[in-house]
There are 2 protein chains.
Amino acid sequence: MSHDLDWIAADWGSTRLRLWAMAADGTRLAERSSQPERAPRTPAEFETILRALAGDWLERTGTIVACGMLGAREGWVEVPYRPVPCAVTPAALTRAPVAAADTRPTLSLHVVSGLSQATPPDVMRGEETQIAGFLAKNDGWDGVICLPGTHTKWAHVSAGEVVSFQTFMTGELFALLSEQSVLRHGVAEAGWDADAFADALSDTISRPEKLAGKLFALRGGHLLDDLDPATARARLSGLLIGAELAAAKPYWLGQNMALIGSDTVAHPYAEGLAAQGVTVLRADADDMTLAGLRAAHAQLAGA
Amino acid sequence: MSHDLDWIAADWGSTRLRLWAMAADGTRLAERSSQPERAPRTPAEFETILRALAGDWLERTGTIVACGMLGAREGWVEVPYRPVPCAVTPAALTRAPVAAADTRPTLSLHVVSGLSQATPPDVMRGEETQIAGFLAKNDGWDGVICLPGTHTKWAHVSAGEVVSFQTFMTGELFALLSEQSVLRHGVAEAGWDADAFADALSDTISRPEKLAGKLFALRGGHLLDDLDPATARARLSGLLIGAELAAAKPYWLGQNMALIGSDTVAHPYAEGLAAQGVTVLRADADDMTLAGLRAAHAQLAGA
C-alpha cells in the first residue's frame with residue numbers, strides 16, 4: 001500500500017504548529033494544526049505539544065521532518081544557522097535528541113537548518129524550507145523571492161543558492177500599530193479600501209521619509225474627519241508596505257520575482273509590485289513548505 | 001497672606017495626573033501626582049480620581065485649571081479643538097459641568113482647549129499649554145517648537161500663533177518595538193551608547209528609506225553578534241529619531257528652534273539636532289505646563 005502513513009511533516013512557526021501525515025511517495029494524507037496559548041519554553045513542552053497533536057499518527061511512525069522556530073535558541077533543539085551564500089536544495093538537516101527513553105514511540109526528529117547572514121546581520125528559520133520547496137518545483141529558477149509575513153524576507157537566489165537576504169518587520173509593525181497603539185481606535189480589524197492602499201503605498205514608495213509623519217494622520221483623520229476604519233486599515237498597510245518597497249528596491253527593480261505567501265498576506269505585496277510594473281510568479285506558502293519538507297525527507301531517505 | 005492656596009493647576013496626561021497647589025500670585029506651593037492603573041472611563045471616574053488626589057486641598061478651593069486628555073472625546077468633558085492658525089496666549093478655556101449637586105465642595109473646572117489642524121489632519125491636547133507657557137516666558141518669540149514625547153509635536157509659531165504642526169509617533173514606536181516586538185529580547189530597558197545613537201541617526205536622517213530594513217538587523221545582531229542590549233537601545237532610538245528628523249526637516253532647517261521636554265526625552269533630540277548644526281533653546285516640560293496654566297488662570301481671573 002503506497003498510501004500508508006510513512007512520516008510526519010511539521011512546520012513550527014512562532015505561533016502555530018502544523019503537521020501533515022505523509023505517505024512514502026510524498027502524498028499528503030491528512031493535516032492538523034494547533035495554536036498553543038503560549039509558546040512552549042522547554043524541550044519537554046515542545047515534545048508534549050507535538051505528541052498531543054500527532055496523537056494516533058505516532059502509532060505508525062516516529063519519523064518527523066520539521067522546520068521553523070523549534071530549531072531556534074529558545075526552541076526544542078538549537079540547530080545552527082547555515083551562513084549564506086549556501087545551497088538550499090537539498091535542505092540540511094539536524095537530527096535532534098528527543099524523548100526520554102521510556103516515552104514511546106521513540107521520535108526520530110530531523111530539523112531543517114535556518115540561514116544566517118553576517119553583514120548586515122540577519123536570520124531566517126522556516127522560509128529557507130519554502131525557498132527549497134519553490135526551487136524543487138521550479139528547477140533552475142534564478143531571481144528574487146519575497147516571502148511576506150510577520151517578518152517579511154527578500155531573498156536573492158542564484159544557481160540554487162541563497163546569495164543574500166533581508167528581513168523587514170512590516171507585518172509585526174502593522175500588528176503593533178493597528179492593535180496596540182493609539183491608532184487602534186480608528187483602524188478596523190478587517191476590511192479594505194483598494195484606492196486608499198494604492199494612494200498610501202504610492203506616497204511612501206516615492207517619499208519614504210514621510211512615513212514617520214503620515215502615521216499619526218490616521219489618528220487625526222479618525223478624530224476630525226470620521227475616517228472610515230477599513231480605509232484607515234488599508235492606508236496603514238499601504239504606508240508600511242510602500243516604505244518596505246522603497247527600502248527593498250534593489251531586490252525587485254529589474255529582477256525576476258516570485259512571491260510566496262497565503263493570499264491574505266501576499267495580495268497587498270502583489271498589488272504594490274504590480275503598481276511598480278513588476279510581475280511576480282505566485283506560490284502558496286503551505287505548498288512550498290510541504291515541498292521543502294518533502295525534499296528534506298527525500299535527502300534523509302537517500303542518506 | 002499671599003501664599004494661601006488659591007487654585008489648583010492640573011495636567012492630565014494619557015497615563016498620569018499631576019496637580020499643583022497654587023497661590024493667587026502664581027507661586028507653586030505643593031505638587032502631587034498619581035498614575036491610575038487604568039484610564040478612567042466615565043466623568044464620574046475622572047472626578048473620583050481628582051478628588052482623591054487633591055484631598056484636603058479641596059477644603060480651601062474648588063477652582064481647577066486643567067489641560068490634557070481629560071478634555072478628549074473619551075475624557076471627562078469633551079472640549080472642542082481650536083483649529084490652527086490660532087493664538088495660543090491667552091489660552092482658551094471651557095468651563096466643564098462637574099459634580100453631582102450633593103458633592104462638596106463644588107468644583108469649578110476649567111479646561112484648556114486642544115488644537116486641531118485640518119490638512120493634514122492632526123490634533124494636540126496638553127502641548128498647546130506648554131507652548132502658551134513658553135510664549136508667556138519668551139514674549140515675541142518666533143520659530144519652531146519641538147515637544148518630544150510619546151507623540152512628538154513640531155509646531156510652527158509666529159506672532160503668538162500656532163501656524164501649523166505635525167505629530168510623529170516616534171516615542172510610541174520606540175516603546176512598542178523595544179517592549180512588545182521580537183526586538184525586546186535584545187534591547188535593554190535602560191542604558192545608552194552615544195556613538196551607536198549618533199551612527200544610527202546619521203543613517204536614517206540621510207537615507208530614511210532604510211529604516212524599514214534596519215530594524216531587524218538589531219535582532220540579527222543580537223542572535224549572531226551578541227550585540228550589547230544598551231547599544232541596541234541607543235541604535236533603535238537613533239534609527240527612529242533620525243527618520244523623524246528626516247521627515248520633519250522643513251520644521252528645523254534654518255529655523256529658530258526651541259525644545260520643550262524633560263531631560264530624558266529631550267536629550268536625544270537635542271543631540272540629533274546638534275549633529276545637524278541646529279542649536280535649540282531648551283525648556284522644561286513641567287515648568288512650561290505650569291506657566292501655561294498660570295496664564296490660563298490669569299485670563300480666568302481677569303474675565
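The following exchange concerns a predicted model and the way its chains A and B meet.

Colleague: What is the area buried between chain A and chain B?

Modeller: The size of an interface is often given as the accessible area lost when the parts come together. In this predicted model, 41 residues of chain A are in contact with 41 residues of chain B. Carbon and sulfur atoms give 69% of the buried area, and the total is about 3,400 Å².

Colleague: How many residue pairs are in polar contact between chain A and chain B?

Modeller: Salt bridges between chain A and chain B number zero. For polar contacts, both residues of a pair must be at pLDDT 80 or more. On that basis the count of residue pairs in polar contact is six.

Colleague: Which element gives the most to the side of chain A that touches chain B?

Modeller: Elements that each supply at least two residues of this side of chain A include the strands β9 (115–117), β10 (122–124) and β13 (161–168). The helices α3 (170–179), α5 (211–214), α6 (216–225) and α7 (229–247) of chain A also each supply at least two. With nine residues, the element that gives the most is α6(A).

Colleague: By class, how many residues of the side of chain A that touches chain B are nonpolar, polar and charged?

Modeller: The side of chain A that touches chain B is divided here by residue class. Its composition is 10 charged, 11 polar and 20 nonpolar residues.

Colleague: What relation do chain A and chain B have?

Modeller: Two copies of a chain are related by a rotation about an axis and a shift along it. Here a turn of 180° and a shift of 0.0 Å along the axis lay chain A on chain B with an RMSD of 0.1 Å. Such a relation is that of a two-fold axis.

Colleague: How much of the set of contact residues of chain A recurs in chain B?

Modeller: Both copies are served by the same surface. The share of the contact residues of chain A that recur in chain B is 100%.

Colleague: Which backbone oxygen does the side chain of A:Gln166 reach?

Modeller: A:Gln166 lies in strand β13 of chain A and counts as buried because its relative accessibility is 18%, under the 20% limit. Among the residues that A:Gln166 touches are A:Asp122, A:Trp154 and A:Tyr251. At 3.4 Å, its side chain reaches the backbone oxygen of B:Gly213.

Colleague: Is B:His110 buried or exposed?

Modeller: B:His110 is found in strand β8 (residues 108–112) of chain B, and its contacts include B:Ile64, B:Leu93 and B:Leu300. Its relative accessible area is 8%. Since buried means under 20%, B:His110 is buried.

Technical notes. Residues are numbered from 1 along each chain as its sequence is written. Chains are lettered from A and ligands numbered from 1 in the order in which they are written. This is a predicted model: local features need pLDDT of at least 70, side-chain atom pairs count only at pLDDT 80 or more; totals for chains, interfaces and linings use all residues. Side-chain values use heavy atoms; hydrogens and water are left out. Contact means heavy atoms within 4.5 Å. Buried area is the accessible area (1.4 Å probe) that two parts lose on being put together, summed over both. A salt bridge is a side-chain nitrogen of Lys or Arg within 4 Å of a carboxyl oxygen of Asp or Glu. A polar contact is a pair of N or O atoms within 3.5 Å; within protein, one must be able to donate a hydrogen and the other to accept it, and residues adjacent in sequence count only if both atoms are side-chain atoms. Helices (H or I, at least four residues) and strands (E, at least two) are DSSP runs, numbered from the N terminus. Ala, Val, Leu, Ile, Met, Phe, Trp, Tyr, Cys and Pro count as nonpolar, Asp, Glu, Lys and Arg as charged, and the others, Gly among them, as polar. Copies are superposed by least squares on the C-alpha atoms of residues with pLDDT of at least 70 in both. Buried means under 20% relative accessible area, exposed over 50%, partly exposed in between (1.4 Å probe, protein chains only). Lists of a residue's contacts leave out its neighbours within four places in sequence.
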